[in-house]
Amino acid sequence: MRAQSSATAPTRIAVGAASAGSGGASSGTVQAALGVVAFSLTFPATAWGLEGFGPWSLIAVRSILAAAVAGTCLLALRVAPPERRHWPGLAVVGAGVVLGFPLLTTLALRTSTTAHAAVVVGLLPLTTALLSALRVGTRPSRTFWIAALAGAAAVIAFTVQQSGGALTSADAYLFAALLVCAAGYTEGGRLARVMPGWQVIGWALALCLPVTVPMAAVALSYEPVHWTAHGVTGLLWVAIGSQFLGLVVWYRGMAAIGIPKASQLQLAQPLLTLVWSVLLLGEHLTVAAPLTAAAVLVCIAVTQRARG
């Protein structure tokens, strides 16, 4: 009996470890999905914010507000500064997701609808997976890449059709935003393996303050501010919801399930954005949405199960 009990002990330990790993992966998927939901509201909230603020003011003030929340948390918990070797990666996160993506997409949304801007988000998961393969050395399987390409194609086809198939001058901003955001996501996901996700975005926001504070001072002196309910609500969401809380759960999810798999959850983001655009902005949504949503969900399921 003792021999049998000792023989089964390694099996029990292995089963327990597998269960813990499965639970961690499930939690990571949920957190990454919550990040996607938060991000899906960014474009509609930005459109609201532009009703009360100029584009440069909106970008600077949102970053400062998010930095104030993050800085309060860092100081309250007496978090030590990151090691010196992590600062270059944090600079990439700051340049990509704190400054670059918000600035470029906000400039694009002055002349583009949120439906058209969703093309960027449709390409973002694939671009992030590609940069992750180059930077971090991840090697997803062929099945993963096929499903990712199929999902990206479905999203691009739908969002371009939704916007009437016309390309605008805002596309240059959108494609540049795609590249800088993918770089920020990749570095943030890598850093979230060695420090909590909220600290990654918190220090990145703090690192950008020498840029955002002077930018806010100059922008607010030139761009008039209109204190409307939509403007203030949009500003608060992009600052606290998208810029801080959304990135906290997003980076935690990326660290748990890997950058490529987390990035593919964003295939659902353009469709969610279009739903919010209908509900919050009154934009028209075609009947193709349910069919595209079903195709995207299938692609997401395949990428989450694919090994590599």
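Biologist: Which residues have the most contacts inside the largest nonpolar core?

Modeller: In this predicted model, the largest nonpolar core has 60 residues, and those with the most contacts inside it are Val97, Tyr185, Ile201, Trp250 and Tyr251. The largest share of this core, 8 residues, is supplied by helix 4 (residues 87-108). There is also a second, separate core of 5 residues, among them Leu126, Phe144, Ala148 and Ala152.

Biologist: What does Tyr185 touch, leaving aside its neighbours within four places in sequence?

Modeller: Tyr185 is in contact with Phe39, Val97, Leu124, Thr128, Leu247, Trp250, Tyr251, Met254 and Gln266, with those neighbours left aside. One of these partners, Thr128, deserves a separate look.

Biologist: Why is Thr128 called buried?

Modeller: The term buried requires a relative accessible area under 20%. Thr128 has a value of 0%, and therefore it is buried. This residue is part of helix 5 (residues 114-135). Not counting residues up to four places away in sequence, Thr128 touches Ala182, Tyr185, Thr186, Met254, Ile259 and Ser263.

Biologist: How do you know that the side chain of Thr128 makes a polar contact with the backbone oxygen of Leu124?

Modeller: A polar contact needs N or O atoms within 3.5 Å. A polar atom of the Thr128 side chain lies 2.8 Å from the backbone oxygen of Leu124, so the pair satisfies that limit.

Biologist: What makes helix 2 enclosed by the rest of the structure?

Modeller: Of the 8 residues of helix 2, 7 are buried, so the helix is largely enclosed by the rest of the structure. The buried ones are Thr42, Phe43, Pro44, Ala45, Thr46, Trp48 and Gly49.

Biologist: At what angle do helix 2 and helix 10 pack, and why is helix 2 called oblique to helix 10?

Modeller: Helix 2 (residues 42-49) packs at about 140 degrees to helix 10 (residues 229-257), and their axes are 7 Å apart. An angle over 145 degrees would count as roughly antiparallel, and one from 65 to 115 as roughly perpendicular. The value of about 140 degrees falls in neither range, and so helix 2 is oblique to helix 10. On the helix 2 side, the contact is made by Thr42, Ala45, Thr46, Trp48 and Gly49. On the helix 10 side, the residues are His230, Gly231, Thr233, Gly234, Leu235, Trp237, Val238 and Ser242. The crossing of helix 2 past helix 10 is left-handed.

Biologist: Why is helix 3 called oblique to helix 10?

Modeller: Helix 3 and helix 10 pack at an angle of about 55 degrees, with their axes 8 Å apart. Roughly parallel requires an angle under 35 degrees, and roughly perpendicular begins at 65. The angle of about 55 degrees lies between these limits, and therefore helix 3 is oblique to helix 10. Helix 3 passes helix 10 in a right-handed crossing.

Biologist: What covers the buried residues of helix 8?

Modeller: The cover includes helix 3 (55-76), helix 4, helix 7 (171-191), helix 9 (209-222) and helix 10. Helix 8 (residues 197-207) is mostly covered, with 9 of its 11 residues buried. Among the buried residues are Gly197, Trp198 and Ile201.

Biologist: Why is Leu207 called partly exposed?

Modeller: Partly exposed describes values between the buried limit of 20% and the exposed limit of 50%. Leu207, in helix 8, has a relative accessible area of 35%, so it is partly exposed. Leaving aside neighbours within four places in sequence, Leu207 is in contact with Trp87, Leu90 and Ala91. The C-alpha atoms of Leu207 and Ala91 are 7.1 Å apart, although 116 residues separate the two in sequence.

Biologist: Why is Ala217 called exposed?

Modeller: Exposed requires a relative accessible area over 50%. Ala217 has 52%, and therefore it is exposed. Ala217 is found in helix 9.

Biologist: What makes the phi of Arg78 notable?

Modeller: Most residues other than glycine have a negative phi. Arg78 is not a glycine, yet its phi is positive, at about 50 degrees. It sits in the loop between helix 3 and helix 4. With a relative accessible area of 76%, Arg78 is exposed.

Biologist: How many helices and strands does the protein chain have?

Modeller: The protein chain has 13 helices and 0 strands. Buried residues make up 50% of its 308 residues.

Key:
Residues are numbered from 1 along each chain as its sequence is written. This is a predicted model: local features need pLDDT of at least 70, side-chain atom pairs count only at pLDDT 80 or more; totals for chains, interfaces and linings use all residues. Side-chain values use heavy atoms; hydrogens and water are left out. Helices (H or I, at least four residues) and strands (E, at least two) are DSSP runs, numbered from the N terminus. Buried means under 20% relative accessible area, exposed over 50%, partly exposed in between (1.4 Å probe, protein chains only). A polar contact is a pair of N or O atoms within 3.5 Å; within protein, one must be able to donate a hydrogen and the other to accept it, and residues adjacent in sequence count only if both atoms are side-chain atoms. Contact means heavy atoms within 4.5 Å. A nonpolar core is a set of buried Ala, Val, Leu, Ile, Met, Phe, Trp, Tyr and Cys residues joined through side-chain atoms within 4.5 Å. Axes are lines fitted to C-alpha atoms, for helices over the stretch in contact, and angles run from 0 to 180 degrees between N-to-C directions. A crossing is left-handed if the near helix is turned anticlockwise from the far one by less than a right angle, and right-handed if clockwise.
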